[in-house]
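Welcome, and please load the model in your viewer with side chains switched on. We will hop from one selection to the next.

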Amino acid sequence: MRLDVFRRVLRIPGLPSVLILGFLVKVPMVAIPMVLTLHVTMGQHHGFGQAGLVTAMWTAGVALGAPIQGRHLDRNGLRPLFVVGTVGQALFWGLAAQMSYPVLVSSALLSGLLIVPGATISRLAIAGLVSDELRHTAYAVDSMLTNVSYMTGPALGVVLATQATTNVAVYGIGAMLVVSGVVVCIRNPPFKPRGEEQSSAASPPPFSQWFSRGLATALACAFAAGTFSSGAEIGVVAALQHNNQMGWIGPLMLMFGIFSIVGGLAYGGLSRGPSAVVVVSALGVVTILLGIAGNTFWLTLSLLPAALIYAPAFAATAAAVSAFAVSGARASAMSLYSVATTVGTSLGSPVAGVAIDRGGPRLGFAAVGGMILLISLSAGALARHSRQPAIPMADAPSGNIDKEIVMSDMKRVVIVDAYAPSMQLAAQFREAGVALVRVQSTKEVPRFYQASFDLEGFLDNIVHEGNLDETISRVAVHEPIAVVAGGEKGVELADALSAALGLPSNGVELSEARRDKYIMVETVKRAGVPAARQIMVTDEQQLDMWHRSIEGRVVVKPLRSAAGDGVYFCDTPQEAIAAYRKINGATNIYSEKNSGVVAQEYLCGTEYVVNTVSRDGRHRVCEIWRTSRIGANGLSDLADAGYLISRRGEAQDQLARYSMQVLDSLGIQHGPAHLEIKLTNDGPRLVEVGARTAGGNIPSYAQLSIGESQLDWTVRAYLDPEAFHRDADKDYQRVRYVANVALVSPVEGVLRSYRDLNSIRQLESFHQMQVYVEPGERISRTVDDVTYPAAMLLLHDTEEVVMRDANTVRFLDGHGFYEIEPEVSGA
């Protein structure tokens with residue numbers, strides 16, 4: 001449990017005051033049923049049945065009024081609604097003590113209609129103030145404060161009614177409601193995520209566009225959790241009465257409240273909380289187990305797990321509703337949450353009561369727990385297997401997006417930044433029967449990908465405009481089962497989306513370390529995993545001094561680029577400074593200016609590529625590739641080929657162990673990863689890692705050799721976790737030998753022809769060729785992964801044939817291989 005995360009939450013500007021304000025609103029509100037009951041029975045001398053009718057009318061008013069209030073909140077904001085509600089409460093509670101019973105019954109309904117639930121306001125405010133990574137923690141705090149309000153509010157009403165008079169209790173609770181309402185009007189806490197404040201006057205979207213199955217699942221779980229609040233309480237009272245131990249009621253309720261807070265702390269301290277379905281289902285199971293307790297001692301022990309799960313259940317359901325609430329309908333969704341919990345609480349008591357009358361406390365616990373379990377599991381199954389259209393056909397995206405699958409009931413997976421390098425992953429998901437939603441992390445398509453940009457086969461294309469909550473809402477409508485990064489640029493947004501939606505996620509705490517090459521290596525080293533010496537370059541003098549201290553070659557590269565873009569191998573401080581000048585502020589392949597430069601010691605040794613897939617923190621080594629490298633075009637370490645090697649061996653065992661340490665240190669618990677590692681004389685050392693599939697068609701080449709690849713395992717991890725865990729430790733076996741060999745251009749100009757391309761095609765192991773620069777196009781000297789003019793795949797049953805042909809390719813390649821158009825004089 002990480003208590004430091006609570007400090008981070010409570011340091012968010014404005015949040016502590018919102019939580020306190022929400023608590024002050026909740027205290028008198030949760031006291032209302034008790035005060036009304038005591039006023040009718042003690043003040044007006046009616047029976048408990050008549051008192052129950054008054055509280056039922058008030059509860060019905062709350063349930064009926066909440067959706068209406070939600071629509072007004074979305075349209076007009078908080079203050080107008082609270083002004084009307086506060087005036088209404090002042091009138092009701094100011095006159096309630098003088099009302100006759102019939103008038104009180106009808107007026108209670110109006111009071112319920114006008115009251116704005118304090119929990120709704122605080123939960124909406126949390127959504128507006130708190131980032132996605134900390135929101136479940138903030139909801140845990142709110143849930144714990146709600147528990148405290150339930151411990152104090154009714155008790156306060158009892159004290160006022162019994163120690164003074166019921167009229168004093170009525171006026172007192174009314175005064176607290178009015179004062180808290182005035183404070184809310186003055187404070188006017190935000191309840192919309194940043195960036196949406198200006199849209200309050202816009203009409204809320206139609207119900208059909210924001211009420212998704214994901215939201216329905218969350219509301220069903222909230223309803224189920226609400227039934228526990230009253231149903232389990234009735235069961236405990238009945239059990240104590242059956243055991244003639246009613247004196248235990250106070251200590252048991254106090255203990256329950258304390259352990260509920262402990263459970264909230266534990267849940268809020270998690271980096272990512274379990275889903276609402278899981279938490280509420282667990283609450284149902286422990287409720288059933290309460291019936292096994294044969295005496296008060298065992299009842300007390302049995303209550304502990306229920307208490308520990310109670311606050312997390314409400315925090316998880318509130319976070320789920322917040323995640324599925326779309327822009328323009330957040331208050332409406334959260335108001336339905338209040339309805340769900342209110343109705344659940346109202347039905348819990350009669351369900352438990354009827355069961356207790358028929359079969360005693362054990363049947364009461366079984367009935368309530370069984371209902372909770374049935375509702376939560378059914379809702380979860382419905383969300384997974386009975387998907388409805390996420391968007392109407394009339395609103396389906398235009399262009400090349402496949403409209404035929406918009407109305408399908410297929411499972412959906414989101415790929416962030418699905419460009420050419422990740423299209424094979426998209427195809428693998430489609431073959432598994434999954435519909436795909438594309439999210440674009442930048443407003444514009446990076447120039448590097450524009451030529452190959454294609455939306456065909458995607459259900460929707462969501463462009464992230466910078467407002468994370470808006471993007472989350474648009475993605476949530478599709479109810480995806482997974483969010484996967486399609487490329488390096490999409491890693492951080494994929495982390496944020498998957499975490500916010502409660503899907504398998506690596507979380508956001510280490511997202512930057514999975515992208516920033518300096519922070520990446522420092523994070524690995526802090527975890528005790530050996531890695532290169534390095535500095536974040538701040539100026540030329542610092543770089544000069546550091547390079548001299550290294551006494552050898554260094555590598556200078558951008559913090560956040562990819563594909564070898566801007567990587568320089570420097571033997572002298574002067575070369576390092578020249579590289580720094582070229583990199584710093586230059587535009588990288590993602591059409592962004594480099595935000596910084598890192599310098600690292602050169603790692604001497606063979607470089608390997610390890611492609612992995614993870615699920616729930618368990619890692620699968622899918623492929624290990626050994627690269628060969630040459631000195632060319634001013635580079636001392638240019639990759640020219642990759643060879644898929646066997647899973648086992650001294651080097652492979654070292655690489656696998658080291659890779660898993662790196663994955664753990666960077667928090668990669670789910671999904672694919674592409675690690676580049678040098679095997680030095682001192683052991684493995686990380687070059688860099690990407691939390692995404694390997695590029696360059698590498699996984700598809702592995703499929704030709706071993707029958708599967710990182711692509712297959714990625715799909716398996718998300719669609720069939722059980723199969724993943726069952727087979728994760730099985731070694732892959734090569735049935736054919738494969739190599740990916742690139743041409744290394746030593747020339748530049750307009751290419752007229754490749755002179756010996758047919759000789760390569762006639763090699764015994766030749767399988768296919770990809771030509772990136774065609775005759776008539778401009779060719780550049782090869783200096784990184786994006787300037788190879790062509791690459792060929794060699795495949796054969798005999799490893800020696802593949803090795804021989806790879807050497808032949810390297811023999812043929814050179815200055816004489818390329819015919820360049822002569823330069824036109826004066827041009």
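Over the ring of which residue does the charged end of Arg716 sit? Select Arg716 and Trp713 together: the charged end of Arg716 is placed over the Trp713 ring, 4.3 Å from its centre. Keep in mind as you look around that this is a predicted model. For a second example, pick Arg430, whose charged end sits over the ring of Phe458, 5.0 Å from the ring centre.

**The sheet**

Now colour the strands in the order 13-12-9-10-11-14-18-16, and you will see an open sheet of 8 strands with antiparallel pairing. Strand 13 (683–690) and strand 16 (766–771) are the edges; each has a single partner strand, so one side of each is left without a neighbour in the sheet. From one strand to the next, the twist averages 25°.

Zoom in on strand 12 (residues 671–680), which pairs with strand 13 over 7 bridges in the antiparallel sense. There, Leu675 stands opposite Val689 of strand 13.

Next, show two helices that lie across strands of this sheet. Helix 23 (residues 698–706) lies across several strands, including strand 10 (618–632), to which it runs at about 110°. Helix 27 (residues 799–812) lies across strand 10, strand 11, strand 14 and strand 18, and runs at about 5° to strand 14.

**Aromatic stops**

The structure holds 10 aromatic pairs. Select Tyr310 and Phe314 for an edge-to-face pair, with 5.1 Å centre to centre and 75° between the planes. Both residues lie in helix 13 (residues 296–324), 4 residues apart, about one turn of the helix. Tyr310 is buried, at a relative accessible area of 11%, and Phe314 is buried with 11% as well. Add Phe228 and Phe256 to the selection, and you have one aromatic cluster with Tyr310 and Phe314.

**Two helix residues**

Move to Gln89 in helix 4 (residues 78–95). Is this residue buried or exposed? Gln89 has 4% relative accessibility, so it counts as buried. Beyond its neighbours up to four places away in sequence, Gln89 touches Gly94, Ser111, Leu114, Ile115 and Leu177.

Finish at Leu145 in helix 7 (residues 132–163). Its relative accessibility is 25%, so Leu145 counts as partly exposed. Leaving aside neighbours within four places in sequence, Leu145 is in contact with Leu19 and Phe23. Try a distance label between the C-alpha atoms of Leu145 and Leu24: they are 121 residues apart along the chain and separated by 9.8 Å.

Definitions and conventions
Residues numbered from 1 in each chain as written. Predicted model: local features only at pLDDT ≥ 70, side-chain atom pairs only at ≥ 80, totals over all residues. Heavy atoms only, no water. Pairing = 2+ DSSP bridges. Axes fitted to C-alpha atoms, helices over the stretch in contact; angles between N-to-C directions. Contact = heavy atoms within 4.5 Å. Buried < 20%, exposed > 50% of the residue type's maximum accessible area, 1.4 Å probe, protein only. Phe/Tyr/Trp six-rings, centres within 6.5 Å; stacked < 30°, edge-to-face > 60°. Lys NZ or Arg CZ within 6 Å of the ring centre and 35° of its normal.
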